[in-house]
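Visitor: I am new to this structure. Please show it to me, and then I will ask how its descriptions are justified.

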Amino acid sequence: MPTQAAYPVAFQESHAEGRSLLDLRHQAESCERCDLYRNATQTVFGEGDAQAKVMLVGEQPGDKEDIAGRPFVGPAGTILDECLAAAGVDRSLCYVTNTVKHFKFEQRGKRRLHAKPNAGEIQRCAWWLGGEIDVLKPELIVALGATALQSLLGSSIGLKKERGRTLDSPSGLPVLITIHPSYLLRIRDREEAQLNKRLFIEDLKQISTVVSV
Ligand code: URA
């Protein structure tokens, strides 16, 4: 039985009644709810099947996503796609989005290095994530990593402790907790990386036990 979690952010931002995902996407293009829009190339809104039963939520767009204007099209997206396929989940049947819709980075010479969004940025952007949830009404949300988890279920839920479990949000919507795929890219030891990839695939396999994808 999933356990109820406290203090989510995204579920407090319920405001999208009567709107479509396209409406939200257009509105988010000019978002200035926090300062991240100043340096990012564009808003990277969620995309995918508007009838999707499953919503995958990452952290924020990376360098490649910022340029392409689409979520999970860079290296993290490649490994996510690979693991989804290994878990028997068709990405095209999912809706894929991020907790924060603008790329946050530090400029080092010509390189733009990923910087973690802070609690205020997560809170501000929950307006959009909450809207996407409201409109899509998925049957299952997959929190990919700590930032998504914080927005969806609150900061009292620990990723290490709860990963692999499905907890109910206060609205009753189940949230499957797992790692962020970019974690796999940062593991130096080959065996450890393979083990963690297998565990990630096992987590993703749970998607099809809850919904058909
Ligand atoms: N990491 C994320 O969390 N989202 C993306 O879209 C790309 C990388």
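Guide: In this predicted model, the shell around the ligand divides into 4 nonpolar, 5 polar and 2 charged residues.

Visitor: What makes residues of the shell around the ligand count as charged?

Guide: Asp, Glu, Lys and Arg count as charged. The residues around the ligand include E59 and E65, and Glu is on that list, so E59 and E65 count as charged.

Visitor: How do you know that the ligand has a polar contact with the side chain of N98?

Guide: A nitrogen atom of the ligand is 2.7 Å from an N or O atom in the N98 side chain. The cut-off is 3.5 Å, so the pair qualifies. The protein covers 93% of the 240 Å² of accessible area that the ligand has on its own.

Visitor: Why is the pair of F72 and the ligand called a polar contact?

Guide: A backbone N or O atom of F72 lies 2.8 Å from a ligand oxygen. That value is within 3.5 Å, so the name applies.

Visitor: Why is the pair D81 and R91 called a salt bridge?

Guide: Their side chains meet at 2.9 Å, N to O. The limit is 4 Å between a side-chain nitrogen of Lys or Arg and a carboxyl oxygen of Asp or Glu, so the pair qualifies. D81 is in helix α3, and R91 is in the loop between α3 and β3, 10 residues apart.

Note on methods:
Residues are numbered from 1 along each chain as its sequence is written. This is a predicted model: local features need pLDDT of at least 70, side-chain atom pairs count only at pLDDT 80 or more; totals for chains, interfaces and linings use all residues. Side-chain values use heavy atoms; hydrogens and water are left out. A residue is near a molecule or strand if one of its heavy atoms lies within 4 Å of it. A polar contact is a pair of N or O atoms within 3.5 Å; within protein, one must be able to donate a hydrogen and the other to accept it, and residues adjacent in sequence count only if both atoms are side-chain atoms. Accessible areas come from the Shrake-Rupley method with a 1.4 Å probe; for residues, only the protein chains shown count as cover. Helices (H or I, at least four residues) and strands (E, at least two) are DSSP runs, numbered from the N terminus.
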